[in-house]
2 protein chains.
Amino acid sequence: MAEYGRYPSHNYAPSAPPMPDSYSASRPPTEGYAYPPPPTSHSYPYPSPWASGAGGSYFPPGTPPEVIRSFQTVDRDRSGFIDESELQAALSSAYQKFSIRTIRLLMFLFKNPSNPSKMGPVEFAALWGCLGQWQAIFYRFDRDRSGKIDSVELKDALISLGYAVPQSVIQVLVSNYTDSYGRGALSFDNFVECGMIVKGLTEKFKEKDTRYTGSATFSYDDFLMMIIPFIVP
Amino acid sequence: MAEYGRYPSHNYAPSAPPMPDSYSASRPPTEGYAYPPPPTSHSYPYPSPWASGAGGSYFPPGTPPEVIRSFQTVDRDRSGFIDESELQAALSSAYQKFSIRTIRLLMFLFKNPSNPSKMGPVEFAALWGCLGQWQAIFYRFDRDRSGKIDSVELKDALISLGYAVPQSVIQVLVSNYTDSYGRGALSFDNFVECGMIVKGLTEKFKEKDTRYTGSATFSYDDFLMMIIPFIVP
Ligand SMILES: [Zn+2]
Ligand SMILES: [Zn+2]
Ligand SMILES: [Zn+2]
Ligand SMILES: [Zn+2]
């Protein structure tokens, strides 16, 4: 049993925030939300006839009103889809400033299969639920209440999700997000970005290491296709 | 023989721009420039007593005067080291606008082992020589003289360097750099970024696939440590 994998399968554990596997090129688009739904009811994985009033797209049943309101506030053209700057506006007003870099990663991970540069109600609701879970983890592990996650806090947070990330990786992650004093620390958007990267890469690794040996074999094509989407957004 | 590796070893071939392997955490700092020097003389891999006049740091012998001038112009405090915004100023004036994202990747890849947030004369000269080679490739493969590299041009450029990157990866790469018409196309800094990412990841892959089988096995720690530095800058 390798140290990275404390969970018995590569499915998302309840305490680990869900992240759609939408960057896998080999998967048919109909499988778009094949992951188990997160514990909260507002991320129901398929569209339903419950209309959002926005151009024929639908929010899943049980979507909290504030999620719908947030979406409709930024979708000014009422197209039923929002682009990256609209998503940035929505999340920055609901949470705190989201960098465009984090927004691009989120757009990529939660993209609409039929229109990758836009996000519809279904993806938005799933993302919102997911961010709520990351936020709970952020508050839980920001033990000094600094509003930032430092390297020790990050390591503990990732371990709580089942990811025993080596110290060298923690250092590289944190050193890229420095506060105004040059100390490595992650604001909420940085934390979401790091968390989703570690989670996404670990899940990809586990797919090739089903017996938890701690090592995995990749073809060159799979290797590039798995990594590049995390690098280029 | 896997299709990605047309070169007999994982050393840098003459037509492939060199990139220091400085992100490998497992390598002792004394090996900082262990790669074969590129064909041009101005990237001599070790410091020499040929003073730059800048705070005790040295340019390698044969460094072209314009490289030294460019460095000294941006190193206003004459510390002998430049930071990321100084590097951005130097490269943007020598070439064209370099995005801060590309600059961060370059700082990371060409970092000074003893001071990772700064770049000294040795690293700057190596980077300059490397960029000159990427520029030659850019011009050679921008066949329509658009000033941008499109997906077909990128694929051909990477193949010419020995990297048979699958079409799916080309699409993901290019789709992240769209021109004002929404068409995927790479400006020079985007091209350098993509090229160095593909090159860096391919070299890492080849290190684990020394017999060119087209597949490679990684431990979880190696896997994360190899990829994360490309993702987070
Ligand atoms: Zn809209
Ligand atoms: Zn804190
Ligand atoms: Zn300086
Ligand atoms: Zn062109």
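## Exercises on a strand pair, a zinc site and a helix

In this predicted model, 5 bridges join strand β3 (residues 215-219) of chain A to β3(B), and the two run antiparallel; strands here are DSSP runs of E with at least two residues, helices runs of H or I with at least four, numbered from the N terminus, and two strands pair if DSSP finds at least two bridges between them. Local features need pLDDT of at least 70, and side-chain atom pairs count only at pLDDT 80 or more. Residues are numbered from 1 along each chain, while chains are lettered from A and ligands numbered from 1 in the order written.

**Exercise 1.** Find the bridge partner of Phe218(A) in β3(B), and then assign the faces of that strand.

*Solution.* The partner of Phe218(A) is Ala216(B). Ala216(B) belongs with Phe218(B) to the covered face of β3(B), whereas Ser215(B), Thr217(B) and Ser219(B) form the uncovered one. In a regular strand the side chains alternate between the two faces of the sheet.

**Exercise 2.** Describe the donors of the zinc ion (ligand 3) and classify their arrangement.

*Solution.* First, list the donors (N, O and S atoms within 2.8 Å of the metal, or 3.2 Å for Na, K and Ca; water is not among the atoms, so sites may look incomplete): Asp75(B) (OD), Asp77(B) (OD), Ser79(B) (OG) and Phe81(B) (O), at 2.2 to 2.6 Å. Next, read their spacing in sequence, D-x1-D-x1-S-x1-F. Finally, the 4 donor atoms subtend angles of 73 to 149 degrees, which makes the arrangement irregular, since four donors count as tetrahedral if all angles lie between 85 and 135 degrees, and as square planar if opposite donors are over 155 degrees apart and all others between 65 and 115.

**Exercise 3.** Decide how far α8(A) is enclosed.

*Solution.* Of its 12 residues, 10 are buried, so α8(A) is largely enclosed by the rest of the structure; buried means under 20% relative accessible area, exposed over 50%, and partly exposed in between (1.4 Å probe, protein chains only). Among the buried residues are Tyr220(A), Phe223(A) and Pro229(A).

Note on methods. Heavy atoms only, no water. Tetrahedral: all angles 85-135°; square planar, octahedral: opposite > 155°, others 65-115°.
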